[in-house]
Amino acid sequence: MHKISTAKDNFINATILEAFKNGQVVALTGAGISEESGIPTFRGENGLWSRYDPQLYAYPEGLLSVLRNDPDKIVDYLDDLYSILFRAKPNPAHLVLARMEKDKILKCVITQNIDNLHQDAGSDKVLELHGNAFRLRCDNCSKAYRLEKDNLSHIIEQLRKGKGSRQAILKALSRFFPRCDCKDRLRIDIVLFGELLPSGVLEESYREMEHCSLLVLIGTSGVVYPAASLPFYAKDRGIKILEINSVSSNLSAICDFQLLGKAGEILPQLVKQLN
Ligand code: NAD
């Protein structure tokens, strides 16, 4: 593997540049790409998950038990989560990927993130493996509904005001999660631990990789499956893999190239050298 530190020497290997110039690049992104937008990574220090135990808040059964036993905590969680997401803006890494798609270098972004920042940056083809926090979906008929930020802020305000009263919280939650046209209750369109990925998205991701010239892993620890199986699928097909991460990850061993540093610094340098 070629190890290159762009942070120090501002140099990007000619082989990587050549692979980009050939086009047909696919990016697989994780929480790390949004870290510079102010969204804590899953395993980063002082993140959301140091305040909310993932064993409870990242599992459907855990969330239901918190709602039953301490509804105020659900309010705090939704409030904290959406405050972070509302504040976040695309950073240079998201913007460079969107630019590369317009310039026909990048075929698509496959993301594990739920923050909508790739779309906010202007990326068109985004395959969301774990859903999107700004959508509601119906588990019964699969219909999805956009969650408008203004409406969302209003409901969260109502939830905040309802703290201390189970009845007021449940009333606000029923506004947050209204019923679908098919009458089932909607939920946030994100994949919790132990749940299946949205139908078809993993298959489409595999298909995108079959025809790519380079897979770029950006800010993913490679520990969450089945997303982490995608690089192995690419490797088996002889596709070159470039990792961009602040440190080595679980996937580093199968990567052909590695650029260590912040995605928001490395990607703009890379694009500069492509021109
Ligand atoms: P992870 O938290 O497990 O790993 C993040 C990776 O990014 C680490 O390897 C870290 O070294 C790297 N990193 C941190 N800052 C970076 C930077 N500035 N530039 C480059 N790399 C950086 O993330 P994961 O692999 O995506 O898995 C976590 C799961 O949690 C995913 O399923 C994801 O859906 C979810 N999640 C999403 C968000 C989001 O939507 N922004 C945030 C947190 C967690």
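1. Let me start with the surroundings of Asn 91 in this predicted model. Beyond the residues within four places of it in sequence, Asn 91 is in contact with Ile 33, Ser 34, Glu 36, Ser 37 and Gly 264. One polar link can be singled out here: the Asn 91 side chain comes to 2.8 Å from the backbone oxygen of Ile 33.

2. Where does Asn 91 sit in the fold? Its place is the loop that runs between helix 6 (71–87) and helix 7 (92–102). The relative accessibility of Asn 91 is 4%, and because buried means under 20%, this loop residue counts as buried.

3. Gly 264, one of the contacts of Asn 91, belongs to the buried residues of helix 13. The others in that list are Ala 263, Ile 266, Leu 267, Gln 269, Leu 270, Val 271 and Leu 274. Helix 13 covers residues 263–274, 12 residues in total, and spans 16 Å between its first and last C-alpha, close to the expected 16 Å.

4. Now for the whole chain, in case you want to set these details in context. The protein contains 13 helices and 10 strands. Its radius of gyration is 20 Å, which agrees with the value near 19 Å for a compact globule because that estimate is made for 275 residues. Along the principal axes, the C-alpha atoms take up a box of roughly 60 × 35 × 30 Å.

5. On burial and contacts, 51% of the 275 residues count as buried. Of the contacts between residues at least 6 apart in sequence, 66% join residues at least 24 apart. The accessible surface is about 13,300 Å², with 51% of it belonging to carbon and sulfur atoms.

Definitions and conventions
Residues are numbered from 1 along each chain as its sequence is written. This is a predicted model: local features need pLDDT of at least 70, side-chain atom pairs count only at pLDDT 80 or more; totals for chains, interfaces and linings use all residues. Side-chain values use heavy atoms; hydrogens and water are left out. Helices (H or I, at least four residues) and strands (E, at least two) are DSSP runs, numbered from the N terminus. The expected span of a helix is 1.5 Å times one less than its number of residues. Buried means under 20% relative accessible area, exposed over 50%, partly exposed in between (1.4 Å probe, protein chains only). A polar contact is a pair of N or O atoms within 3.5 Å; within protein, one must be able to donate a hydrogen and the other to accept it, and residues adjacent in sequence count only if both atoms are side-chain atoms. Contact means heavy atoms within 4.5 Å. The radius of gyration is taken over C-alpha atoms; the globule rule is 2.2 Å times the number of residues to the power 0.38. Accessible areas come from the Shrake-Rupley method with a 1.4 Å probe; for residues, only the protein chains shown count as cover.
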